[in-house]
Amino acid sequence: MQFESLNIIEPILRSLKEEGYTIPTPIQVQAIPIVLKGIDLIGCAQTGTGKTAAFAVPILQHLSINKSFDKKRKIRSLIVTPTRELAIQIEESFKAYGRYTGLTCTVVFGGVNQNPQTNALRGGVDILVATPGRLLDLMNQGFISLKEVEIFVLDEADRMLDMGFIHDVRKIISALPKKRQSLFFSATMPPEIVKLAGSIVYKPVKVEVTPSASTVDIVNQFVYFIDKGNKNSLLLEILKDEKIKTALVFTRTKFGADKVVKVLKNKNISAEAIHGNKAQNARQRALSGFKAQTTRVLVATDIAARGIDVDDLEYVINYEIPNISETYVHRIGRTGRAGANGTAISFCDAEEKAYLKDIEKLITKKIQVIDDHPFPLIDNNPVKPVKQQRGNHNRPRLNTPKSKSSGNRSWKR
Ligand code: AMP
């Protein structure tokens with residue numbers, strides 16, 4: 001199927017073409033017609049599935065067809081999302097897809113000076129993307145009114161709950177007009193989320209894509225069993241492969257992320273950390289450098305990495321195995337996006353074996369073990385990190401796992 005078959009208006013089709021999108025993703029095929037009809041939606045999908053365009057395209061279309069005759073632009077669509085990075089990316093997507101519609105979009109999020117945001121709001125905007133805290137703050141200060149919102153999107157609802165935003169979300173919802181269209185997206189649908197959805201949407205249609213399965217199938221996954229103390233050495237060894245242009249490395253803690261960056265920088269590998277202790281500007285700088293490939297390695301914690309969308313990112317490295325299995329799926333979903341290649345490499349020490357087992361249970365497949373490496377796990381009950389043996393001239397050469405398929409950014413049918 002092509003985008004043309006979804007009855008999308010020409011100015012939006014043109015920009016989608018310029019973005020290089022030809023075939024809509026499964027969530028787009030399902031969601032766009034429903035949203036265009038003005039029906040409420042519950043979308044069970046995570047980032048990486050093309051979810052943003054699935055709501056942004058029909059919102060832009062609705063707002064451009066049903067023009068407002070108010071002299072000053074009012075916020076007619078509100079998108080609330082849990083993290084700043086995601087908010088920025090959504091705004092960028094609206095701007096890209098809507099570049100020929102004449103509609104305006106802005107983004108507000110915390111951790112930075114509010115003045116540029118309030119200046120943008122003063123001029124009037126059609127579409128507002130926001131994280132919950134800053135949105136409420138600006139509402140309380142009188143900079144934002146939600147009275148004219150026609151379409152409301154709650155994005156990544158399960159993450160909102162995890163991050164403790166649920167009260168804020170309820171307050172925001174109570175400020176919205178009763179008569180509106182609501183789109184509710186969540187990667188998972190535990191009972192609290194179903195309940196929350198029930199309080200937001202009216203007679204919704206539910207659409208579901210199974211990103212866990214598709215991510216898990218698309219991304220080539222490998223695990224190295226290794227002693228904790230050798231993980232830096234293995235990381236450096238893997239990064240000797242020049243074919244790895246960029247890699248996103250996940251650590252469990254902010255401190256851990258900073259430590260890995262230090263080790264890499266010491267070896268002249270350009271690296272930046274992205275985590276909650278970094279100022280927003282530093283986080284954005286790190287992300288832009290990584291996207292531009294001037295920074296080769298971005299070391300991230302899970303919160304900061306949520307929703308990071310880097311085109312053609314091929315390698316994700318789990319320096320530490322996450323203790324929550326779903327987090328693994330989210331992490332590896334940073335690669336293999338939109339049909340591109342993906343490789344996920346995990347370093348698993350003795351203590352993390354139980355986490356790995358849980359992950360394999362969730363994804364219902366065994367992750368391929370790479371035995372052929374210089375730092376094999378020696379001690380299954382680690383007391384001290386084991387040093388690499390000296391003088392081991394027969395040391396096996398490290399074969400960095402490669403993606404199997406060839407690059408192709410279009411969605412395969
Ligand atoms: P999202 O799930 O919205 O974060 O999108 C994931 C990635 O897929 C982003 O890099 C989008 O630019 C890309 N994308 C979204 N829709 C399409 C499409 N129909 N064809 C190709 N790429 C797409």
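**Notes on the ligand site and the second largest pocket**

1. Let's start at the ligand: one of its oxygen atoms sits 2.6 Å from an N or O atom in the side chain of T52. Overall, the protein covers 93% of the 500 Å² of accessible area that the ligand has on its own. Keep in mind that this is a predicted model.

2. There are nitrogen contacts to look at too. A nitrogen atom of the ligand lies 2.8 Å from an N or O atom in the Q28 side chain. With I23, the partner is a polar backbone atom, and the distance to a ligand nitrogen is 2.9 Å.

3. Now zoom out to the whole shell. The ligand is surrounded by 17 residues, and the closest are Y21, Q28, G48, G50 and T52. Sorted by class, the shell has 7 polar, 6 nonpolar and 4 charged residues.

4. Where does the ligand lie relative to the domains? Its shell takes residues from both domain 1 (3–208) and domain 2 (219–410), so the ligand lies between them.

5. Next, have a look at the second largest pocket, which holds about 470 Å³ of space. Its lining is made of 22 residues, and those closest to the centre are R159, D162, D302, I324 and T327.

6. Which helices should you click on here? Try α7 (157–162), α14 (302–305) and α15 (325–332), since each supplies at least two residues of this pocket's lining. As for chemistry, the lining of the second largest pocket counts 9 charged, 7 polar and 6 nonpolar residues.

7. Why can we say that this pocket lies between the domains? Because domain 1 (3–208) and domain 2 (219–410) both give residues to the lining of the second largest pocket.

Conventions:
Residues numbered from 1 in each chain as written. Predicted model: local features only at pLDDT ≥ 70, side-chain atom pairs only at ≥ 80, totals over all residues. Heavy atoms only, no water. 1 Å grid on protein atoms, 1.4 Å probe; cavity = no way out; pocket = protein on both sides within 12 Å on 5 of 7 lines; lining within 4 Å. Points joined across faces, edges and corners; volume = space filled by probe spheres on them. Helix = DSSP H or I, 4+ residues; strand = E, 2+ residues; numbered from the N terminus. Nonpolar A, V, L, I, M, F, W, Y, C, P; charged D, E, K, R; others polar. Domains from an automatic or database assignment. Near = heavy atom within 4 Å. Polar contact = N/O pair within 3.5 Å; in protein donor to acceptor, adjacent residues only side chain to side chain. Areas by Shrake-Rupley, 256 points an atom, 1.4 Å probe, with all protein chains shown as cover.
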